[in-house]
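User: Please take a close look at a single part of this structure and set out, in one connected account, how it is placed in its surroundings. I am new to this structure, so kindly explain each term as it arises.

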Amino acid sequence: MKKFIEKEKFNPSFLSIFYHPFFFVRREIFSFLKNNSFLLSGNILDFGGGSKPYQNLFKNYQNYFSIEVLNNKENLKSDIYYDGSKLPFADNAFDSILCTEVFEHVEKLDDVLDELYRVLKPGGRMIVTTPFMCMEHEMPYDFRRLSFNGLSNLMKKSNFKILASQKLLNNFHVFFQTLNFYICQVFLKKKTKYLKYIIYFFLAGPVNILSLIFNFFLPKADEMYFGTGVVVEK
């Protein structure tokens, strides 16, 4: 059961619509990564990847490493931990980098981008996703939100070439996803694990169903979106 819940957290099946409060967001991120997974190969660095929930998406890698900062050591099972400043790798060490939902937690983002650029081989590719309309999380390590243009400009400023970019969840789902953020914020503080799942089922689940129904009839809102996904090249 524990393994099933952990898998559904990042790659929710349709059954998860009945209880997963971030169902549509996670499905959208997973879909973006899956559609672009063929672009990453060789030695892959999963930056901020913790327990490597997306490793199985990549079929053409030789080695796959995840790295986390030391303050996450108690909560995540990463291959490597570092102090958050200089990455412990040589120049041009990796063919590919994955960095999903991490940039908002990096205090000195310009310095980290310089390090990611340094360890990526020339011609190497990196996939990045970041939130835009999202509640505060993992406090006190939540420092920013990047818009679609904000992330694109940041990548260009760091000398990366943008190969693809996409707004994630730019439809009516983002409205109901915000409602589920509110439910989690208000009703789930200091609740036991089992009580949380009851709340998920009776509150977050119905919100997901309503979101699914309304999204059939309502158009996209291009200025309202959960986040951004980009593929860049060094």
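Analyst: At 11% relative accessibility, Asn36 counts as buried (buried means under 20% relative accessible area, exposed over 50%, and partly exposed in between, with a 1.4 Å probe and protein chains only). The model is a predicted one, in which local features need pLDDT of at least 70 and side-chain atom pairs count only at pLDDT 80 or more, while totals for chains, interfaces and linings use all residues. Residues are numbered from 1 along each chain as its sequence is written, and side-chain values use heavy atoms, with hydrogens and water left out.

Asn36 belongs to helix H2; helices (H or I, at least four residues) and strands (E, at least two) are DSSP runs numbered from the N terminus. Beyond its neighbours within four places in sequence, Asn36 is in contact with Ile127 and Val231, where contact means heavy atoms within 4.5 Å.

The setting of helix H2 is a sheet. Seven strands make up this open sheet, in the order E3-E2-E1-E4-E5-E7-E6, with mixed pairing. Strand E3 (80-82) and strand E6 (161-168) stand at the edges with a single partner strand each, so one side of each has no neighbour in the sheet. From one strand to the next, the twist averages 20°. Helix H2 (residues 23-36) packs on the sheet and touches strand E4 (94-100), E5, E6 and E7, its direction making about 165° with that of E5. Such angles run from 0 to 180 degrees between N-to-C directions, and axes are lines fitted to C-alpha atoms, for helices over the stretch in contact.

Two of the strands touched by H2 are joined to each other: strand E5 (residues 120-131) and strand E7 (residues 227-233) run antiparallel and are linked by seven bridges. Two strands pair if DSSP finds at least two bridges between them. In E7, Gly229 is the bridge partner of Thr129.

Another helix also meets E5. Helix H3 (residues 109-119) lies across strand E1 (42-47), E3, E4 and E5, running at about 145° to E5. Its buried residues are Leu109, Val112, Leu113, Glu115, Leu116, Arg118 and Val119. The buried residues of H3 pack against E1, E3, E4, E5 and helix H4 (148-157).

The axes of H3 and H4 come within 10 Å and cross at roughly 55°. H3 and H4 are therefore oblique to each other (under 35 degrees counts as roughly parallel, over 145 as roughly antiparallel, 65 to 115 as roughly perpendicular and the rest as oblique). A crossing is right-handed if the near helix is turned clockwise from the far one by less than a right angle, and left-handed if anticlockwise; that of H3 and H4 is right-handed. The contact is made by Leu109, Asp110 and Leu113 of H3 together with Leu154, Met155 and Lys157 of H4. These residues divide into four nonpolar, no polar and two charged, with Ala, Val, Leu, Ile, Met, Phe, Trp, Tyr, Cys and Pro counted as nonpolar, Asp, Glu, Lys and Arg as charged, and the others, Gly among them, as polar.

The loops beside H4 complete the account. Pro140 lies in the loop between E5 and H4, and a cis peptide bond, with omega of about 10°, joins Met139 to Pro140. Asn159 is placed in the loop between H4 and E6. Although not a glycine, Asn159 has a positive phi of about 75°, and with a relative accessible area of 54% Asn159 is exposed.
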